[in-house]
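Reader: I would like a close look at one part of this model: the strand pairing. Please take me through the pieces in order, and keep it brisk.

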Amino acid sequence: MSTQTQEAAKLEQLSHESPDEIEVAAGREREQLEGWVPELASDAEVREALEKAFDYRGDITLTRKDGSKVEGYLYDRRTGTMLADSIVRIMPSDRGGRVNIAYSDIAAIAFSGRDTAAGKTFEAWVKKYWEKKAAGEKNIQIEPEKLE
């Protein structure tokens, strides 16, 4: 049997399977970071905290070494070999535009905003779907939560 024929047979088989029987990859475990203020005693701790901040789906507050603060959504980071040549990019919540801050200028990080992705796993979505289906609902649509 040719490779194309084998792939077509697999697709045909999958199209007849129930969604319950299709293999689903496990999601990644999310940490509860909302409200966390990590220690930044070493370069490694700064880098680790900023990686977690990048994955966080809420606002963070960065306090610079000069005392100024920027609150907003961390949407990008560029890591270099040293903290001075690594930057985070933030969309401030109180004004338009974007702000670049060097890792070496950061004195503190606070996970200050609500994590909008908390509890929003694919498994939670599927559970809601099956609950509605079991209740006899038709044309089931699970709408996203309204953002503030």
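Author: Start with a term: two strands pair if DSSP finds at least two bridges between them. One such bridge has R89 as a member, and its partner in β4 is N100. Strands β3 and β4 run antiparallel, joined by four bridges.

A caution before the details. This is a predicted model. The average pLDDT of the protein is 78, and 67% of the residues score at least 70. Confidence is highest in β4, at 95. It is lowest in helix α1 (residues 3-16), where the mean is 60. Where pLDDT is low, the predicted coordinates should not be read in detail.

Now the setting. The protein has three helices and five strands. Along the sequence the pattern reads α-α-β-β-β-β-β-α. The strands make an open sheet in the order β4-β3-β2-β1-β5, with antiparallel pairing. The edges are β4 (99-102) and β5 (106-110), each of which pairs on one side only. From one strand to the next, the twist averages 45°.

Go on with β3. Between β3 and β4 there is a hairpin with six residues between the strands. Within this hairpin, G97 takes a positive phi near 90°. β3 (residues 87-92) also pairs with β2 (residues 69-78), in the antiparallel sense, over six bridges. In that pairing, P92 of β3 stands opposite G72.

Which residues of β3 lie on the covered face, and which on the uncovered one? V88, I90 and P92 are covered. I87, R89 and M91 form the uncovered face. There is a general pattern behind this: in a regular strand the side chains alternate between the two faces of the sheet. R89, the partner of N100, is thus placed on the uncovered face. P92, opposite G72, belongs to the covered face.

Move on through β2 to β1. G72 appears again here: this residue is the bridge partner of I60. β1 and β2 run antiparallel and are joined by four bridges. They form a hairpin too, with four residues between them. G67 sits in the turn, with a positive phi of about 95°.

How much of β1 is buried? Four of its five residues are, so the strand is mostly covered, taking buried as under 20% relative accessible area. Across the protein, buried residues make up 24% of the 148 residues.

The remaining pair is β1 with β5. Their pairing is antiparallel, over four bridges. T61 stands opposite A110 in β5.

Just before β5 comes a loop worth a look. D105 is in the loop between β4 and β5. D105 is partly exposed, with a relative accessible area of 39%. Leaving aside neighbours within four places in sequence, D105 is in contact with T63, R64 and K65. D105 and K65 are 40 residues apart in sequence, yet their C-alpha atoms are 5.5 Å apart. Long separations also count in the whole protein: residues 24 or more positions apart account for 49% of the contacts with a separation of 6 or more.

Finally, what packs on the sheet? Helix α2 (residues 43-55) does, touching β1 (60-64), β2, β3 and β5. Its direction makes about 95° with that of β2. The buried residues of α2 are V46, A49, L50, K52, A53 and F54. These buried residues pack against β1, β2, β3 and β5. An α-helix has 3.6 residues a turn, so residues three or four places apart point the same way.

The length of α2 can be checked as well. At 1.5 Å a residue, its 13 residues should span 18 Å, and its end C-alpha atoms are 19 Å apart, which agrees.

One residue of α2 is D43. Is D43 buried or exposed? Neither: its relative accessible area is 47%, so D43 counts as partly exposed. D43 and L83 are 40 residues apart in sequence, with 7.1 Å from C-alpha to C-alpha.

As for the surface of the whole protein, about 10,700 Å² is exposed. Carbon and sulfur atoms supply 51% of that area.

Conventions: Residues numbered from 1 in each chain as written. Predicted model: local features only at pLDDT ≥ 70, side-chain atom pairs only at ≥ 80, totals over all residues. Heavy atoms only, no water. Helix = DSSP H or I, 4+ residues; strand = E, 2+ residues; numbered from the N terminus. Axes fitted to C-alpha atoms, helices over the stretch in contact; angles between N-to-C directions. Contact = heavy atoms within 4.5 Å. pLDDT = per-residue confidence, 0-100. Buried < 20%, exposed > 50% of the residue type's maximum accessible area, 1.4 Å probe, protein only. Areas by Shrake-Rupley, 256 points an atom, 1.4 Å probe, with all protein chains shown as cover. Expected span 1.5 Å × (residues − 1).
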